Amino acid sequence: MPVESVAEPEPEILAAFRAAKGFMPVVEGLALYRAAVEAAALGLPVLEVGTYCGRSTILLADAARAAGVTALTVDHHRGSEEQQPGWEYHDPTVVDPEVGRMDTLPTFRRTLHEAGLEDHVVALVGRSVQVAAVWGGKLGLVFIDGGHTDEHANGDYEGWAPHVADGGLLVIHDVFPDPAHGGQAPYRVLLRALASGAFTEVSVTDSLRVLRRTGAGI
């Protein structure tokens, strides 16, 4: 099934996505879902870097469930740079009052429970680079949506892109070619992936880019 297919989640899954705490617009979520449906058909797990409260996880998990594979999520659940106190995307409702730090893991678990998808997700709680260093398997899809500094975006790419199987998909979120619209680190990762010769862009939906592995390396 090509990425350009019209696969869409069932109404209850889309409703759960809309209701979940997070930032991904519906149109980008639908593009991610279609990519996940295709990638899951390879019979390999699909993985996202940057879970937050599980909004996009709902779509990945539903696609994984239908294909009989597992959705994996990687996040330390302490929030990315722009989610810390004093920054634009800070949400005080996900701060652990006992330790005074962000902790999105409880909200994430509640999101999956309410969507009926807990059994189809494995949450890998830790820093992306550390988790990638001990991960040994191939993946049908890697969705990069973690920290948006160059250090973190490149770390996510270098850690996880090598695990994308032949014909698998690399999805990058928050790609803004114009710096007036957003940070440039994900865009620079996109350019790096295309320049490598290992990936070919197959879909553009607003800030969501879908690339297919068509060669070796990263």
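Visitor: How many bridges join S1 to S2?
Guide: Helices (H or I, at least four residues) and strands (E, at least two) are DSSP runs, numbered from the N terminus. Two strands pair if DSSP finds at least two bridges between them. S1 and S2 run parallel, and Val49 stands opposite Val74 in S2. The number of bridges that join S1 to S2 is four.

Visitor: What pLDDT do local features need in this model?
Guide: Residues are numbered from 1 along each chain as its sequence is written, while side-chain values use heavy atoms, with hydrogens and water left out. The model is predicted: totals for chains, interfaces and linings use all residues, side-chain atom pairs count only at pLDDT 80 or more, and local features need pLDDT of at least 70.

Visitor: Which helix makes a right-handed β-α-β unit with S1 and S2?
Guide: A crossover is right-handed if, with the strands pointing away from the viewer, the path from the first strand over the helix to the second runs clockwise. The unit made with S1 and S2 meets this description, and its helix spans residues 55-67. The helix is H3.

Visitor: How many of the residues of S2 are buried?
Guide: Buried means under 20% relative accessible area, exposed over 50%, and partly exposed in between (1.4 Å probe, protein chains only). Ala71, Thr73 and Asp75 point one way from S2, and Leu72 and Val74 point the other way; all are buried. The strand is mostly covered, and the count of buried residues is five of five.

Visitor: Which residue is the bridge partner of Asp75 in S5?
Guide: S2 and S5 run parallel, joined by five bridges. In S5, the partner of Asp75 is Val125.

Visitor: In what order do the seven strands of the open sheet lie, and which strands are at its edges?
Guide: The sheet has mixed pairing, and its order is S5-S2-S1-S6-S7-S9-S8. Each edge strand pairs on one side only: these are S5 (121-125) and S8 (199-205).

Visitor: What is the average turn between neighbouring strands of this sheet?
Guide: Axes are lines fitted to C-alpha atoms, for helices over the stretch in contact, and angles run from 0 to 180 degrees between N-to-C directions. For the strand average, however, direction is ignored. On that basis, neighbouring strands are turned against each other by 20 degrees.

Visitor: What angle does the direction of H6 make with that of S6?
Guide: H6 (residues 150-160) packs on the sheet and touches S1 (46-49), S2 (71-75), S6, S7 and S8, contact meaning heavy atoms within 4.5 Å. Together with S6 and S7, H6 makes a right-handed β-α-β unit. The angle between the directions of H6 and S6 is about 175 degrees.

Visitor: Which residue of S6 stands opposite Leu47?
Guide: S6 is mostly covered, with six of its six residues buried. S1 and S6 pair in the parallel sense over four bridges. The residue opposite Leu47 is Val142.

Visitor: Which residue in S7 is the bridge partner of Ile144?
Guide: S6 (residues 139-144) and S7 (residues 164-172) run parallel and are joined by five bridges. Ile144 has as its partner in S7 the residue Ile172.

Visitor: What relative accessible area does Ser207 have?
Guide: Ser207 lies in the loop between S8 and S9 (208-213). Leaving aside neighbours within four places in sequence, Ser207 is in contact with Glu28, Ile172, His173, Asp174, Val175 and Phe176. Ser207 is buried, with a relative accessible area of 5%.

Visitor: What distance separates the C-alpha atoms of Trp135 and His163?
Guide: Trp135 is found in the loop between H5 (128-133) and S6, and counts as partly exposed at 24% relative accessibility. Not counting residues up to four places away in sequence, Trp135 touches Leu72, Trp160 and His163. Trp135 and His163 are 28 residues apart along the chain, and their C-alpha atoms are separated by 8.6 Å.

Visitor: What is the radius of gyration of the protein chain?
Guide: The chain holds seven helices and nine strands. The globule rule, 2.2 Å times the number of residues to the power 0.38 with the radius taken over C-alpha atoms, gives 17 Å for 218 residues. The computed radius is close to this, so the chain is as compact as a globular protein of that length, at 16 Å.
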